[in-house]
Amino acid sequence: MFYLGIDIGKFHHAAALMDQRGKVIATLPSFPNTRSGFHKLLALITAHLPPAEELRIGMEATGPYWIPLAEWLKAHGWIPVILNPIKTASLRNYGVRGSKTDNIDSVLIANTLRIEEEQPQQASPKLSEELRHFTRLRADMVKDRTRIALRVTSLLDRLFPELLSSFSKTLAPSCLTLLAAAPTPARVLALGEERLTTLLRKASGGKLKATRAKEIMDKAAVSVGITTQASEEVLALLLEQINLIGSQLTTLDHRITKLYKQAGLYFTSIAGVGTLTAGTILGEFGSVTRFTQAKQMVAFAGVDPKLRASGQHQGQVHISKRGSPYLCRALYLACQGAVRNDDYFHSIYQRHRDNGKSYKEAIIAVMNRFIHVLYAIWRDNRPYYPLTSA
């Protein structure tokens with residue numbers, strides 16, 4: 001068995017070929033991230049790999065830069081091992097000096113393959129990859145919308161500081177509709193109570209009636225808000241952004257729901273787990289065939305325990321947090337729903353709370369068990385059946 005380690009860069013990569021004894025046979029200090037560069041790598045393999053000798057190729061998952069080369073290698077019959085950069089970083093720091101160059105890193109990656117005998121992982125199905133793109137974009141857009149809403153709140157503290165107390169949240173459809181039509185106290189008064197009542201009733205689906213309109217009119221009449229042309233224009237632009245993001249989120253939600261249903265899985269059979277959260281979990285894990293046991297999924301998600309201890313000092317156990325933040329948040333939300341709606345997961349949560357754990361610590365404990373249950377229903381392709389109390 002020979003081992004080819006590839007250090008990934010944005011524009012250039014480096015490679016090192018190693019035999020089973022750990023001897024470096026050949027290196028390619030730099031080759032471009034282009035088709036001609038990939039052919040240089042192929043020439044290195046062809047020139048130095050003995051006939052009938054097996055080759056295992058590994059690279060770090062550095063940003064998105066590894067993906068074109070990995071796909072090119074697959075097309076040529078080699079499925080690469082994709083390593084977590086944390087693993088090679090630990091080997092790099094093993095020496096006192098902690099040297100780092102592209103050549104050294106490619107040798108370290110090859111040596112990691114040789115020592116740990118890492119096996120190529122089955123690639124995520126195309127559907128999972130598509131879900132990952134859509135769900136990650138959705139999560140980022142939700143953050144963007146929240147950030148813009150905070151700016152709207154800040155502006156309203158000057159324009160109409162009394163208004164938001166009449167609504168449950170800034171992004172409520174009725175509040176956004178009112179701000180688009182009448183963003184200042186003077187404009188609200190000019191709108192009139194009757195037209196304001198009609199506007200609120202329509203925007204809220206009939207929930208807000210004349211009493212709420214009168215309340216807002218009374219606040220507008222005595223408002224201490226300060227109106228400027230610039231603040232009104234900025235508010236209008238921010239509202240346009242919120243409406244655009246809202247429209248795009250609707251499109252993403254439909255797309256994610258459709259893709260998740262095509263997968264034919266049973267994640268949502270766990271009470272409290274919605275389709276969008278399930279789609280995120282599927283997209284981030286990729287495929288159950290990538291894992292031989294549930295604890296590998298736990299480690300992949302970054303909710304496995306990590307102990308810090310030295311000499312006589314015994315540190316606390318924390319989760320490793322090495323997984324995708326998108327996956328971690330989706331699991332956290334899923335487990336919050338499961339605790340509220342399923343007796344089994346609620347019993348795990350309550351037991352940890354009774355033992356003095358904080359809310360967050362108890363939810364993390366539920367996440368660990370949740371992944372074990374998820375692994376079983378995914379592996380066996382069956383719905384979740386409520387379990388007895390833990």
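Helices H5 and H10 are roughly antiparallel to each other, a class that takes in angles over 145 degrees, whereas angles under 35 degrees count as roughly parallel, 65 to 115 as roughly perpendicular and the rest as oblique. The model is predicted, with local features requiring pLDDT of at least 70 and side-chain atom pairs counted only at pLDDT 80 or more, while totals for chains, interfaces and linings use all residues. Residues are numbered from 1 along each chain as its sequence is written, and side-chain values use heavy atoms, with hydrogens and water left out.

The axes of H5 (residues 126-159) and H10 (residues 229-263) cross at roughly 155° and come within 9 Å. Helices are DSSP runs (H or I, at least four residues), numbered from the N terminus; axes are lines fitted to C-alpha atoms, for helices over the stretch in contact, and angles run from 0 to 180 degrees between N-to-C directions. The crossing of H5 past H10 is left-handed, the near helix being turned anticlockwise from the far one by less than a right angle. The contact of H5 with H10 comprises 23 nonpolar, five polar and eight charged residues. In this classification Ala, Val, Leu, Ile, Met, Phe, Trp, Tyr, Cys and Pro are nonpolar, Asp, Glu, Lys and Arg are charged, and the others, Gly among them, are polar.

Helix H10 also holds Glu-240. This residue is exposed, at a relative accessible area of 53% (exposed, over 50%; buried, under 20%; partly exposed, in between; 1.4 Å probe, protein chains only). The C-alpha atoms of Glu-240 and Ala-180 are 8.9 Å apart in space, with the two positions 60 residues apart in sequence.

Salt bridges, defined by a side-chain nitrogen of Lys or Arg within 4 Å of a carboxyl oxygen of Asp or Glu, number 11 in the whole structure. Within helix H5, Arg-147 is paired with Asp-144, with 3.9 Å between the closest N and O atoms. These two residues are separated by about one helical turn because they lie three residues apart in H5. Arg-147 is partly exposed at 46% relative accessibility, as is Asp-144 at 32%. Glu-71 and Lys-74 form another salt bridge, at 3.2 Å from N to O. Both are in helix H2 (residues 67-75), three residues apart, or about one turn of the helix. Glu-71 is partly exposed at 41%, and Lys-74 is partly exposed at 29%. A further salt bridge joins Asp-380 and Arg-379 at 2.9 Å, N to O. Asp-380 is partly exposed, with 38% relative accessibility, and Arg-379 is partly exposed, with 48%. Arg-212, Glu-215 and Lys-219 are joined into one network by salt bridges that share partners.

Aromatic pairs were assigned to rings of Phe, Tyr and Trp (its six-membered ring) with centres within 6.5 Å, planes under 30 degrees apart being stacked, over 60 edge-to-face and the rest tilted. The count comes to 11 aromatic pairs. The pair of Tyr-349 and Tyr-359 is edge-to-face, with 5.8 Å from centre to centre and 70° between the planes. Tyr-349 lies in helix H14 (residues 343-354) and Tyr-359 in helix H15 (residues 359-380), 10 residues apart. Tyr-349 is buried at 11% relative accessibility, whereas Tyr-359 is partly exposed at 35%. Ring pairs also link Tyr-260, Phe-267, Phe-285, Phe-291, Phe-300 and Trp-378 into a cluster.
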